[in-house]
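Here is a short set of exercises to work through with the structure open beside you. Try each task before you read its solution.

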Amino acid sequence: MTSRTRPRSARTRLAALATLAVVLLSGCATGAAAGPAAVAPNCVDAEVPFAELAIEQAPRETVGESTACLANAALPVVESDEQPTLPVTVTDAKGNEVTVEDASRILPLDISGSLAATVFGLGLGDRVVGRDGSTGFAEAAELPVVTHGGHNITAEAILALDPSVVITDTTLGPLDVLDQLRDAGIPVVLTTSERSLDTIDVLIEQVATALGVPERGELLAAQVDDELASTTAQIAAAVPADPDVRPRVLFLYVRGSANVYYLFGEESGADALIEAIGGVDIAGEIGWKGMRPVTAEALVAAQPDVVLLMTDGLESVGGVDGLLERVPALASTPAGEHRRFVDMADTEILSFGPRAPHIVEALARAVWAPTQSGPLP
């Protein structure tokens, strides 16, 4: 995205998740529905630093499922007195030239909730007028939801909120709704649809530029980068260095109601997440690219020690027992034999935004110190 008032800074991009919609638009709603977002539960041993946890020294032999819990569910917000400098004209991620004249009523929408989290992280949350069904953090709980069935948008629901600007991507549909909004005179800025730990800075920059707060964007990106670097360094220092000891991990997306079972591989965003928590991303070893329906052959070849899942997805198949019954090939893997499944809230686990460092740490705790992880009873 380029701006006439401020050139876009150069940032490194890795090939990442083209869009979560490939899977999520397969007829399955995201975890957060139209109701208020739940406040994250208190977590077991949340006060214990990662370096002081009882790290499993043989994680490939660990038995039992665990749940990743965000010890700090609050969104990090930058401290800045910068106010939006508008109008600003940008060329968005799809090559559209868009002029934003008013950022008083912002509507950020995407299928992962990352855009809303970014706007709030920029300190502009009090200007947000609505949310998508994947925006599950408490600060946005009272905002009206404009998506239906998890990923559908309607012009009527959006126009009723009278937004001054819509920040979105291509993961929600139908896309002709965006044309209706443009026809109604609402600026629509399309950001990148790629979601990964490697593209957080890109997303922050695009949103900040469109809203006329480039300084806030730089501060937020630096803050997230520093926290993520610190978190991953702590994890790397605490867990066994030998790659043969580290657990072999897969990310499995499931929705029982839609009979959807997808394995997330290289360039899906899940690969970077697995590596960040100190696991071995085995999808890359078997040449699994992107997001594709899982096969028994792929699972047998992968032999995962740990399987990551979304909480609602696991519940949709009746928990671990139901998953093993529906995907019997899992039972012959180390993960199935040890019941080693790690779940995390749908609105958190692949929400690559300002909370990414906290999400990485929560997942690492659930993998490496399962007895010191999860919500309090």
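**Exercise 1.** Is D162 buried or exposed? Work out its setting and its backbone as well.

*Solution.* Keep in mind that this is a predicted model.

- Step 1: locate the residue. D162 sits in the loop that runs between helix 3 (155–159) and strand 8 (165–168).
- Step 2: look at accessibility. The relative accessible area of D162 is 53%. The cut-off for exposed is over 50%, so D162 is exposed.
- Step 3: check the backbone. D162 is not a glycine, yet its phi is positive, at about 50 degrees. Most residues other than glycine have a negative phi.
- Step 4: find a partner in space. L107 is 55 residues away from D162 along the chain, and their C-alpha atoms are separated by 9.3 Å.

**Exercise 2.** What is the sign of phi in E267, and what is its value near? Then classify the accessibility of E267.

*Solution.*

- Step 1: read the torsion. E267 is a residue other than glycine with a positive phi, near 65 degrees.
- Step 2: place the residue. E267 is found in the loop between strand 11 (260–264) and helix 7 (270–276).
- Step 3: classify. With a relative accessible area of 38%, E267 falls between the limits of 20% and 50%, so it is partly exposed.

**Exercise 3.** Three loop residues are next: R195, H151 and L122. Where does each one lie, and which residue is paired with it in space?

*Solution.* Buried means under 20% relative accessible area.

- Step 1: R195 lies in the loop between strand 9 (188–190) and helix 5. Its relative accessibility is 2%, so R195 counts as buried. From R195 to L350 there are 155 residues in sequence, but 7.9 Å in space, C-alpha to C-alpha.
- Step 2: H151 belongs to the loop between strand 6 (147–148) and strand 7 (152–153). At 11% relative accessibility, H151 counts as buried. H151 is 39 residues from S112 in sequence, and their C-alpha atoms are 9.7 Å apart.
- Step 3: L122 is in the loop between helix 2 (114–121) and strand 6. L122 has 0% relative accessibility and therefore counts as buried. L122 and L211 are 89 residues apart in sequence and 9.8 Å apart in space, again C-alpha to C-alpha.

**Exercise 4.** Which peptide bond leading into P87 is cis, and what is omega near? Do the same for the bond that joins G173 and P174.

*Solution.*

- Step 1: recall the background. Most peptide bonds are trans.
- Step 2: take P87. The bond from L86 to P87 is cis, with omega near 5 degrees. P87 is found in the loop between strand 2 (66–67) and strand 3 (88–91).
- Step 3: take P174. G173 and P174 are joined by a cis peptide bond whose omega is about 0 degrees. P174 lies in the loop between strand 8 and helix 4 (176–183).

**Exercise 5.** How do helix 5 and helix 14 each pack with helix 6?

*Solution.*

- Step 1: start with helix 5 (residues 200–210). Helix 5 and helix 6 pack at an angle of about 165 degrees, and their axes are 8 Å apart. Angles over 145 degrees count as roughly antiparallel, so helix 5 is roughly antiparallel to helix 6. Helix 5 passes helix 6 in a right-handed crossing.
- Step 2: move to helix 14. The angle between helix 6 and helix 14 is about 15 degrees, with axes 8 Å apart. Angles under 35 degrees count as roughly parallel, so helix 6 and helix 14 are roughly parallel to each other. The crossing of helix 6 and helix 14 is left-handed.

**Exercise 6.** What lines the second largest pocket?

*Solution.*

- Step 1: take the volume. The second largest pocket holds about 220 Å³ of space.
- Step 2: name the lining. There are 17 lining residues, and A71, N72, H358, E361 and R365 lie nearest the centre of the pocket.
- Step 3: assign elements. Helix 6 (214–238) and helix 14 (356–368) are the elements that give two or more residues to this lining. Helix 14 supplies the largest share, 5 residues.
- Step 4: describe the chemistry. The lining residues divide into 8 nonpolar, 6 polar and 3 charged.

Notes. Residues are numbered from 1 along each chain as its sequence is written. This is a predicted model: local features need pLDDT of at least 70, side-chain atom pairs count only at pLDDT 80 or more; totals for chains, interfaces and linings use all residues. Side-chain values use heavy atoms; hydrogens and water are left out. Helices (H or I, at least four residues) and strands (E, at least two) are DSSP runs, numbered from the N terminus. Buried means under 20% relative accessible area, exposed over 50%, partly exposed in between (1.4 Å probe, protein chains only). On a 1 Å grid over the protein atoms alone, a cavity is a set of points where a 1.4 Å probe fits but cannot get out, and a pocket is an open set with protein on both sides within 12 Å along at least five of seven lines; lining residues have an atom within 4 Å of a point. Grid points are joined across faces, edges and corners, and a volume is the space filled by probe spheres set on the points. Ala, Val, Leu, Ile, Met, Phe, Trp, Tyr, Cys and Pro count as nonpolar, Asp, Glu, Lys and Arg as charged, and the others, Gly among them, as polar. Axes are lines fitted to C-alpha atoms, for helices over the stretch in contact, and angles run from 0 to 180 degrees between N-to-C directions. Angles under 35 degrees count as roughly parallel, over 145 as roughly antiparallel, 65 to 115 as roughly perpendicular and the rest as oblique. A crossing is left-handed if the near helix is turned anticlockwise from the far one by less than a right angle, and right-handed if clockwise.
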